[in-house]
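Trainee: Could we go through this structure together? I would like to begin with charged side chains.
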Amino acid sequence: MLAATLTFGLTEFDKATLDIEHKQLPYATMLALNDTAFGARKAIAQQMVKVFDRPTPYARRGVVYERATKANLESRVVLHGSNWGGGLPPALFLGPQIEGGKRSHKAFEKQLHALGLLPDGHVAVPAERTKLDRYGNIGQGQLNRMMSGLKIDYRSAGSNRVASTKKGKARRARGSRGGFYFVPKEGSHLAPGVWLELGFPMRAIYPVLLFVKSPTYQVRLQFAPVI
């Protein structure tokens, strides 16, 4: 008579199970989380191209994802909130597009406001004749010349240097090509903003920036899933 004996090793089974639980599952979960977050970030970047008019690479790079690790099984898609690259943090200028509300002042607007040139509750927008870059913004070089012409110590985006002046006093200083940049005094017949006066061969003035009331933005960019 033949006999067969089957021995089931629970110890080895438990060991193999624990190996899968503690090593393989966390790794697989980490990969799944990171793939999901990467896909979500890509989808938001594609959405930005659809809902915004020519978003800059700087704005698109502002949407980042934080990787999960085996020790921390959590990944997130976030807006970059630090002052990286010298510019306005993406979390500040994209925030109102996601949650609604008023946008934050840009660096040069903060300086104009601190000097009493930009009224409370207002922002600066390019005027009709102002040359814009391919993304529809005033170029950094032109902005630097304007701020220099106003005798404001502004050297780059993110700068917070402010020259001293009396609040409400009009700024008038020589700008590029023999022109003068100035901010009209309160009560002037000229629209509030930054103007450029040109001399030779003929005298002409036109606005470079206009000061308008800060708009209230509606939600445009769907960042978080709707539940």
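Trainee: Which residue pairs with Glu66 in a salt bridge?
Mentor: In this predicted model, the side chain of Glu66 meets that of Arg76, at 2.8 Å from N to O.

Trainee: Which elements hold Glu66 and Arg76?
Mentor: Glu66 belongs to strand S1 (residues 63-66) and Arg76 to strand S2 (residues 76-79), so the salt bridge ties together parts that are ten residues apart in sequence.

Trainee: Are those two residues buried or exposed?
Mentor: Glu66 is partly exposed, at 34% relative accessible area. Arg76 is also partly exposed, at 41%.

Trainee: And how many salt bridges are there by this rule?
Mentor: The count is two. Besides the pair of Glu66 and Arg76, Arg54 and Asp53 form a salt bridge at 3.1 Å, N to O. Arg54 is partly exposed at 42% relative accessibility, whereas Asp53 is exposed at 57%.

Trainee: Why can such side chains pair at all?
Mentor: Side chains of opposite charge can do so when their charged atoms come close.

Trainee: Changing topic, what is the secondary structure of the protein chain?
Mentor: The protein chain has five helices and nine strands. From the N terminus, the order is α-α-β-β-α-β-α-β-α-β-β-β-β-β. Of its 227 residues, 32% count as buried.

Trainee: What is the mean pLDDT of the chain?
Mentor: The mean is 76, and 73% of the residues reach 70 or more. Over residues 3-7 the pLDDT stays under 50, and the model gives this stretch zero contacts beyond four places in sequence. Residues 157-170 are also below 50, but that stretch has 33 contacts beyond near neighbours in sequence.

Terms used: Residues are numbered from 1 along each chain as its sequence is written. This is a predicted model: local features need pLDDT of at least 70, side-chain atom pairs count only at pLDDT 80 or more; totals for chains, interfaces and linings use all residues. Side-chain values use heavy atoms; hydrogens and water are left out. Helices (H or I, at least four residues) and strands (E, at least two) are DSSP runs, numbered from the N terminus. Buried means under 20% relative accessible area, exposed over 50%, partly exposed in between (1.4 Å probe, protein chains only). pLDDT is the predictor's confidence in each residue, from 0 to 100. Contact means heavy atoms within 4.5 Å. A salt bridge is a side-chain nitrogen of Lys or Arg within 4 Å of a carboxyl oxygen of Asp or Glu.
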